[in-house]
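Thank you all for coming. I would like to use these few minutes to walk through one model with you, contact by contact, and I will try to be careful in how I word things.

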Amino acid sequence: MKKMLLVAVALMLTIGLAACGSSKENGTNNTGTNEGAQTNNSQGGGGNSGGKELSGSILAVGSTALQPLVDQVSKKFMEENAKVNILVQGGGSGTGLTQVSDGQAQIGNSDIFAEEKFTDDDAPKAKELVDHQVAVVAMATVVNKDITVDSLTKDQLVQIFTGKVTNWKEVGGPDEKITIVNRPASSGTRKTFEKYALGTKTEDLQGAIQEDSSGTVKKLVTETPGAIGYLAFSYLDDSVKTMKYDGVEAKEETVIDGSYPVWAYQHMYTKGEPDAAMKAFLDYMVSDSVQNADVVELGYIPVNKMQVTRDVEGNVTKK
Amino acid sequence: MDQWAVKQDGNKPNLIRKPSKQHIREEWVGRVYTALCILFLIVTIIAIVYFVASRGLSTFIKNGVSIGDLLTGLKWAPEGEPALFGALPFIFGSFSTSLLAALIAAPLGCCAAIFMTQIMPGAGRRYMQPVIELLAGIPSVVYGFVGLSVIVPMLRNIFPGQGIGLAAGALVLSVMILPTITTIATDALAALPSGLKEGSFALGATRWQTIYRIVLPTTLPALLTGVVLGMSRAFGEALAVQMVIGNAPHIPRSLFESTSTLTSVITLSMGNTITGSAHNNALWSLALILLAMTFIFVFIVRFLERRNKR
Amino acid sequence: MSAKTANRVATAVIVLVAAFIVLLLAGLLGYIIFRGLGHISLDFLTSAPETIKAGGGIGPQLFNSLFLLVLTLIITIPLGLGAGIYMSQYAKPGRLTDSIRLVVEVLSSFPSIVVGLFGLLVIVNLFGFGFSLFSGALALTVFNLPLMVRITEQALAGVPREQKEASLALGLSRWKTITSVMMPISMPAIVTGTILASGRVFGEAAALLFTAGMSSPRLDFTDWNPLSPFSPLNPFRPAETLAVHIWKVNSEGLAPDAAEIAAGASAVLVIMVLLFNFTARWFGRVLYRKFTATK
C-alpha cells in the first residue's frame with residue numbers, strides 16, 4: 001500500500017515539478033533572449049570569443065509551405081550559433097499568425113499578408129506585426145497528362161474554376177470532363193491563385209475536390225483523367241503537365257521579371273521589432289548564402305532576385 | 001461487486017473489533033486516491049465540453065449566425081461576401097458516410113460473430129479473434145493511405161466519377177468499424193444461455209433456423225449496440241476520411257461525388273484560420289456538433305443496453 | 001427450399017464472409033508490409049528524415065512515438081487504475097455512479113479530432129505547454145484513460161469472490177485486499193489490456209497534429225539530460241510521431257522518395273502494432289501461468 005502511495009505521490013510531484021520547470025524555462029527564454037544578447041555583448045568586449053555570441057530560444061510556427069525552408073535554415077543557423085535554439089512547427093498560417101500575435105511563438109510563418117488574415121475586428125492585430133519577406137513561392141496550373149492543351153488564358157481559367165466550362169473540348173482539348181482539384185477556401189495557396197491568376201474569388205463547386213496538401217493534390221491530378229489543379233513550383237515534375245498562363249511559361253525567370261503573375265511572398269512575422277537573436281536569424285534567412293543555396297534548392301524563388309515588388313493590395317512596381 | 005460494497009458498510013468485521021489505526025489510514029488512502037482519479041475524469045470531460053462550447057457558441061453570440069441557419073443552411077462560404085455558414089452538407093456527409101459504413105460492416109461483423117460462436121467456436125476463437133483485433137489495431141492514417149492508393153483508383157475504374165467521394169469514405173470507414181461491431185456481437189452471442197440453443201436443437205431445428213429464429217432475435221439489442229458504437233466511431237474519424245472523401249462543401253448528387261464530413265472540414269481548415277475569426281468560430285461550432293453527437297450516440301447505446309437487460 | 005438446404009446455404013455464406021474478412025486483413029497487411037518492406041533497413045530506422053534529398057529515415061519519429069507512449073502510460077496507469085478500482089470496488093450503485101459511468105463512456109467515444117482541438121486550445125495555448133510531447137501525452141491520456149478504467153474494472157470483476165472474502169475475513173483492510181490480493185490476480189488481464197490499448201495510442205495522429213506538433217527539433221542522442229532542449233528525453237520539446245510523419249510525408253513530402261518513405265513508415269507502424277498484439281498475448285499467458293501456477 002505504502003509503495004503504491006509513494007509511487008503515486010512521486011509521480012504527481014514529478015509531473016507537477018516538471019510542469020513548473022517548463023513554464024519557468026519558457027518564461028526565462030522569452031525574456032532571456034534580450035539579456036543573453038546583452039551579457040554576451042559585454043563578453044564580446046572582453047574579446048574572449050571573438051565577436052558576440054547570440055543566445056535565446058525562438059519558436060517559429062505556421063505555414064506548412066514555408067516549414068521545410070525555415071527548418072533547414074534554422075539547423076544551419078544553430079550550427080553556427082550553438083546557444084540559439086530554434087524550434088520550427090507547422091500548423092498552418094492561421095495558427096502561426098494567432099500564436100505570434102498572442103505571444104506564444106516568436107515568429108509566425110505565413111504564406112499570405114497578415115492583413116489578409118486579420119480582418120474586421122482583428123485588423124489592429126495585424127498592425128502590431130512586423131513583416132519579414134524571406135522568399136517567393138510561385139504557383140503553376142497543372143493538369144492530368146492526358147490533356148493536350150498547353151496554355152490557358154485568364155478567362156479560360158476563370159470559366160473552368162467557376163464551373164462555366166466543364167469539358168476540355170470547350171477550351172480546345174479532348175472531349176473529357178474537367179475535374180477540379182481545388183484547395184479549401186481558407187488556404188493561402190488558393191487565395192494567391194484566385195487573386196493573381198483568376199482575379200476573382202470563386203465559389204466551391206459541386207463535385208470539385210478540395211485538398212489542403214500539395215502532395216495529395218499532385219497525386220490526384222496525376223491519377224484522375226481530366227483533372228486540373230495548381231501547385232507550387234517545388235512540387236512540379238513529370239507526373240503532371242504544367243500549363244502556360246496567358247502564353248507565359250511558368251518558370252523562375254518569368255516570375256523574376258514580373259511577366260508571370262501567380263506568386264506570393266513567404267512571410268515571417270514578429271510581434272514588434274525582433275530582438276538580437278531573432279534579427280540575426282531573420283537576416284541570415286535573407287543573406288545570399290541562404291537565398292542562393294537553400295531557397296533555390298527547396299524550390300522557392302529568392303526574394304532579393306525579384307525585379308518587381310508587390311504590396312498588400314497587389315500593386316506591382318518595378319524595382 | 002456492488003452488493004459487496006453495500007454489505008461492507010458498517011456491519012461486517014468492523015462490529016466485532018475496533019479497526020486499527022493503520023486500517024483506517026489505509027482505507028482513507030484508498031478512498032481518497034481513487035476518488036481523486038475519478039475527479040480527474042470528471043474535470044476532464046467538463047473542461048472539454050466547456051471549452052469547445054465556449055468557442056462553438058460564439059458563432060451564434062459574437063458573429064450573429066442563427067443556429068437554424070447553421071444546421072439547415074446549404075451553402076458554406078465562410079470567406080465569402082457575405083460569409084455564409086450552412087453546415088447541412090457536412091452533417092449530411094457525416095451521417096451518410098457513417099450510416100453507409102455501418103450498413104456494409106454490420107452484416108459482415110454479424111456473420112463473423114456467428115462464425116466465431118456458433119459454427120466453428122474453436123477455430124473461430126483461435127484465428128478470427130486475432131484477425132479482428134489486428135484490424136482494430138491498424139492506425140487510421142494507414143487506412144487513409146491504403147484508401148487513397150487502392151480503393152480510390154479501384155472505384156475510379158469501375159464506376160463513373162473521380163473515385164474519390166462518399167462511397168470511398170464509407171468503404172474505408174466500414175473496414176475501420178468492423179472490429180467494433182464484430183467484438184460486441186461476439187460477446188453478445190457468446191453470452192447467450194446455451195439452454196436456449198439446445199432447446200431449439202432438441203426440437204429438431206437446423207443450425208440456421210436456430211440462429212435465425214432464436215439467437216439473432218434475442219441478441220438483437222446487443223447487436224444494435226455494436227452497430228451504433230461503430231457508427232459513432234465512424235462519425236468521429238477524421239484523417240482517413242478526409243484523404244478519400246474529396247471535401248467539397250456540397251451534398252453529393254451520387255455516391256461517387258466529392259463531399260465533406262464535419263471532421264474533414266475541421267482538419268482541412270482549422271490550421272489556416274485565425275483564432276477568434278468568424279471562420280474559426282464556425283469550425284468550433286462544427287466540433288460542438290460532433291461533441292453533441294457523441295452524447296447522443298452514448299445515450300442510444302444506453303437505451304439499447306437497458307432494453308437488452310429487460 | 002427445405003430447412004436443410006437453407007441451413008447449408010446460410011452456413012456456406014457465413015463461412016465465406018468469415019474467410020473474406022480474414023483475406024481482407026491478410027490483403028491489407030500484405031499490401032502495407034510488402035510495399036514498405038523493401039524500404040526498411042537499419043539505416044532507415046535510425047537516420048533522420050531529409051527534406052528534399054532522398055534517403056531520409058524515420059529514427060527520431062520512431063523514438064518519439066515510443067517515448068510518447070511511455071509518457072502517456074506514466075500518466076494514464078496510476079489514474080486509470082485508481083479510477084477503475086473506484087468504479088469496481090468503491091462506487092455504490094446509484095445515480096452518481098451511473099453518471100460517472102456515463103462520463104467514462106462519453107470520454108471513450110470522443111472523436112479524436114475534438115480532443116486534439118481541446119488540447120490545442122487548453123493544453124498548448126492556455127496552459128502554455130506549447131507543441132510538446134507533454135501536451136501530446138495529456139491529449140492521449142484523454143483517450144487512454146477510459147480504456148484503462150474499463151480494463152481495470154473488468155479485470156477486478158474477474159477475481160473470484162472467495163479470494164476477496166477470504167482476505168477480508170483475515171482482517172485485512174479493503175484497500176489492502178485490493179492492492180495485495182485482487183490486483184495480482186487481475187494483473188494478467190490488466191497488462192494485456194494495457195498493451196493492446198498502447199497499440200492504438202501508437203497509431204493516433206489526428207489529436208497529435210494539434211498537440212505534439214509536426215516537426216522534431218535536432219536531437220542530440222548523446223545528451224540524456226531531460227532538461228536540455230536538445231535532449232531526446234526532454235518532455236517539453238515538440239515531437240513528430242511516426243503516424244504524424246506518415247501524414248506529413250503523404251501530404252507535403254518534397255523528397256523524391258516520399259512515397260517510399262510513407263510506405264516504409266506505414267509498414268513499420270503496422271509491424272509495431274503487430275508486435276504489441278503478440279507481446280500482449282504472450283505476456284498475458286506468461287503472467288497467467290505465473291499467478292495461477294498452472295503448467
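What follows is a short tour of contacts between chains, salt bridges, aromatic rings and two backbone angles.

Please keep in mind throughout that this is a predicted model.

Let me begin with the interface of chain B and chain C, where 80 residues of chain B are in contact with 86 residues of chain C. The area buried between these two chains is about 7900 Å², and carbon and sulfur atoms give 77% of that area. Across this interface there are 3 salt bridges, and the count of residue pairs in polar contact between chain B and chain C is 5. On the side of chain B that touches chain C, the largest share comes from helix α3 of chain B, residues 21–61, with 21 residues.

One salt bridge here deserves a closer look, namely that of C:Glu105 with B:Arg302, in which the closest N and O atoms are 3.5 Å apart. C:Glu105 lies in helix α4 of chain C, residues 95–108, and B:Arg302 in helix α13 of chain B, residues 278–309, so this pair joins two chains. Are these two residues buried or exposed? Both C:Glu105 and B:Arg302 are buried.

Over all chains, the search finds 21 salt bridges, and I will pick out a few from chain A. A:Asp71 and A:Lys75 meet through their side chains at 3.6 Å, N to O, and both lie in helix α2 of chain A, residues 67–80, where they are 4 residues apart, about one turn of the helix. Of these partners, A:Asp71 is buried, with a relative accessible area of 15%, whereas A:Lys75 is partly exposed at 32%.

A second salt bridge, between A:Lys218 and A:Asp237, has its closest N and O atoms 2.8 Å apart. This pair links distant parts of the chain, 19 residues apart, with A:Lys218 in helix α8 and A:Asp237 in the loop between β8 and β9 of chain A. A:Asp237 is partly exposed, with a relative accessible area of 36%.

Turning to the rings, the structure holds 26 aromatic pairs over all chains. One of them is B:Phe159 with B:Phe256, a stacked pair at 4.4 Å centre to centre and 15 degrees between the planes. Why might we say that this pair ties together separate parts of the chain? B:Phe159 lies in the loop between α7 and α8 of chain B, and B:Phe256 in the loop between α11 and α12, so the pair ties together parts that are 97 residues apart in sequence. B:Phe159 is partly exposed, with a relative accessible area of 36%, while B:Phe256 is buried at 18%.

In chain A, the charged end of A:Arg310 sits over the ring of A:Tyr196, 3.4 Å from its centre, and A:Arg310 also lies over the face of A:Trp263, at 3.8 Å from the ring centre.

Finally, the backbone. A:Asp246 is not a glycine, yet it has a positive phi of about 50 degrees; this residue is placed in the loop between β10 and α9 of chain A and is partly exposed, with a relative accessible area of 43%. B:Asn247, likewise not a glycine, has a positive phi of about 65 degrees; B:Asn247 lies in the loop between α11 and α12 of chain B and is buried, with a relative accessible area of 2%.

Terms used:
Residues are numbered from 1 along each chain as its sequence is written. Chains are lettered from A and ligands numbered from 1 in the order in which they are written. This is a predicted model: local features need pLDDT of at least 70, side-chain atom pairs count only at pLDDT 80 or more; totals for chains, interfaces and linings use all residues. Side-chain values use heavy atoms; hydrogens and water are left out. Rings of Phe, Tyr and Trp (its six-membered ring) pair if their centres lie within 6.5 Å; planes under 30 degrees apart count as stacked, over 60 as edge-to-face and the rest as tilted. Buried means under 20% relative accessible area, exposed over 50%, partly exposed in between (1.4 Å probe, protein chains only). A charge sits over a ring if NZ of Lys or CZ of Arg is within 6 Å of the ring centre and within 35 degrees of the ring normal. Contact means heavy atoms within 4.5 Å. Buried area is the accessible area (1.4 Å probe) that two parts lose on being put together, summed over both. A salt bridge is a side-chain nitrogen of Lys or Arg within 4 Å of a carboxyl oxygen of Asp or Glu. A polar contact is a pair of N or O atoms within 3.5 Å; within protein, one must be able to donate a hydrogen and the other to accept it, and residues adjacent in sequence count only if both atoms are side-chain atoms.
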